[in-house]
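Biologist: I am new to this structure and would like to learn how to read it. Could we take it one feature at a time?

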Amino acid sequence: MASVNIAALPLQEYGADSMKRRDFLRTLLLGVFFILSGKKVRAEKKPENNLKEAMFWRKID
Amino acid sequence: MANRVQCELCPNGCVLDEGQHSRCRTRMNKDGKLYSLVYGKPCAVHIDPIEKKPFFHFLPGTIAFSIATAGCVLSCKFCQNWQISQAKPEDTDTYDLPPDKVVTQAIANKCRSVTYTYTEPTVFYEYMYDTAVIARKHGIKNTMHSCGYINEKPLRKLSKYMDAADIDLKAFTEDFYSRICSGSLKPVLNSLVVLKEEGVWLELTTLVIPTLNDNMKNIKDMCIWIQKNLGSDTPIHFSRFFPHYKLSNLPPTPLETLIDARKSAMDSGLRFVYIGNIRHEGENTFCPKCKKLLVERLGYVVKQNNISNGKCKYCSTAIAGVWS
């Protein structure tokens, strides 16, 4: 296998300038897609909505 | 006050005006009717080894579909699950898991049993009962880990569908139950007798807490009561306490105390006495006749099982329990 001299390779600098308009739009579209398609799940905070009549009780009046 | 009701599920016997919640936090008087607030809404759902409950004589090496809702009928100062047992249902994150889905999930995950555990299953009695009926129809066993603080009538009704129960016998004095748990001992002892009468496989667990319930005379008295009322074949687990919740000032239980308790229980005639929450040979099952090792455990893992068709492989002595 041929060896690669890493030191000789040009350095790639990453930053805001390196993102092309196409990359930016793709990221933006993906973000919008996930936000719109995601389903928000919330913990149930009102147990009174899930009532089931209890067993073993009596009226005392 | 009109529309007052009384809950008859546990010995607390809460009398509730309209809008009030029970002491266990899971029942409410609404418009003069008592409702469960936790039906089909577990806050804990796990698949555990059956040994974790702990059951050592009930389908060893199998897994149990385990559920709990918020709430408890007692308020033990050493509670290991106080974050959910002492919480209101609305303060816990819950799953939407009605009884039929519990059974479906248990089957899908190859669980041999459904266990009602972690908090106190009595507080989700309706949910547990309906699930147990469906599970029985599908050949899935039902087990519970409970404090046994429940009235006789509901317990007998539940027992028709309950295959095994691990009951916390927390101590053998009314003083302990009153001061540490805000409950009482007598109803628990009655529950143990009822479960035995109903043919539910029974195991007991005692968390041995330094200075509070580690008196060897009390432990001895407890074991004699067990031997007389429940039989010599009733397994008992002495578990090691670790500083927790409102008892974080106490030290962990010394191993010697657990060994002494085990010896005391065996001297009282109990055949299957275990030590839990610590690695020790007291985790293993030995044949009461030939004394050979039958079930070797390491924590919740069964390393070897020499019980065949409910009998000791070496001397054919029948070993009490549910083995298949």
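Modeller: We will go through a helix, the contact between chains, the domains and some backbone features. Keep in mind that this is a predicted model.

Biologist: What span should helix α1 (residues 21-37) of chain A have?

Modeller: A helix is checked by its rise, taken as 1.5 Å a residue. On that basis the 17 residues of α1(A) should span 24 Å, and the end C-alpha atoms are 24 Å apart, so the two values agree.

Biologist: Of the 17 residues of α1(A), how many are buried?

Modeller: A residue is called buried if 20 or more other C-beta atoms lie within 10 Å of its own. In α1(A) the number buried is zero, so this helix lies largely in the open.

Biologist: How many residues does each chain give to the contact between chain A and chain B?

Modeller: Chain A gives 17 residues and chain B gives 29 residues. On the side of chain A, the elements giving two or more residues are β1 (52-53) and β2 (57-59). The largest share, three residues, comes from β2(A). By class, that side of chain A has eight nonpolar, one polar and eight charged residues.

Biologist: In which sense do β2(A) and strand β1 (residues 5-7) of chain B pair?

Modeller: The pairing is antiparallel, over three bridges. Trp57(A), for instance, has Cys7(B) in β1(B) as its bridge partner.

Biologist: Into which domains is chain B divided?

Modeller: Domain 1 covers 38-283 and domain 2 covers 292-324. Taken over C-alpha atoms, the centres of these domains of chain B are 22 Å apart. Their contact takes 13 residues from domain 1 and eight residues from domain 2. The domain 1 side of that contact has six nonpolar, two polar and five charged residues.

Biologist: What is the form of the peptide bond from Lys53(B) to Pro54(B)?

Modeller: Omega tells you. Here omega is near 0°, and the bond is cis. Pro54(B) sits in the loop between β5 (44-49) and β6 (63-68) of chain B.

Biologist: Leu59(B) is found in that loop between β5 and β6 too. What is its phi?

Modeller: Leu59(B) has a positive phi of about 45°, although it is not a glycine. Thr211(B), also a residue other than glycine, has a positive phi near 75°. Thr211(B) lies in the loop between β10 (201-208) and α7 (216-229) of chain B.

Biologist: Is Leu59(B) buried or exposed, and is Thr211(B) buried or exposed?

Modeller: Leu59(B) has 21 other C-beta atoms within 10 Å, so it is buried. The cut-off for exposed is 12 or fewer. Thr211(B) has 9 C-beta neighbours inside 10 Å and therefore counts as exposed.

Conventions
Residues numbered from 1 in each chain as written. Chains lettered and ligands numbered in written order. Predicted model: local features only at pLDDT ≥ 70, side-chain atom pairs only at ≥ 80, totals over all residues. Domains from an automatic or database assignment. Contact = placed C-beta atoms within 7 Å. Nonpolar A, V, L, I, M, F, W, Y, C, P; charged D, E, K, R; others polar. Helix = DSSP H or I, 4+ residues; strand = E, 2+ residues; numbered from the N terminus. Expected span 1.5 Å × (residues − 1). Pairing = 2+ DSSP bridges.
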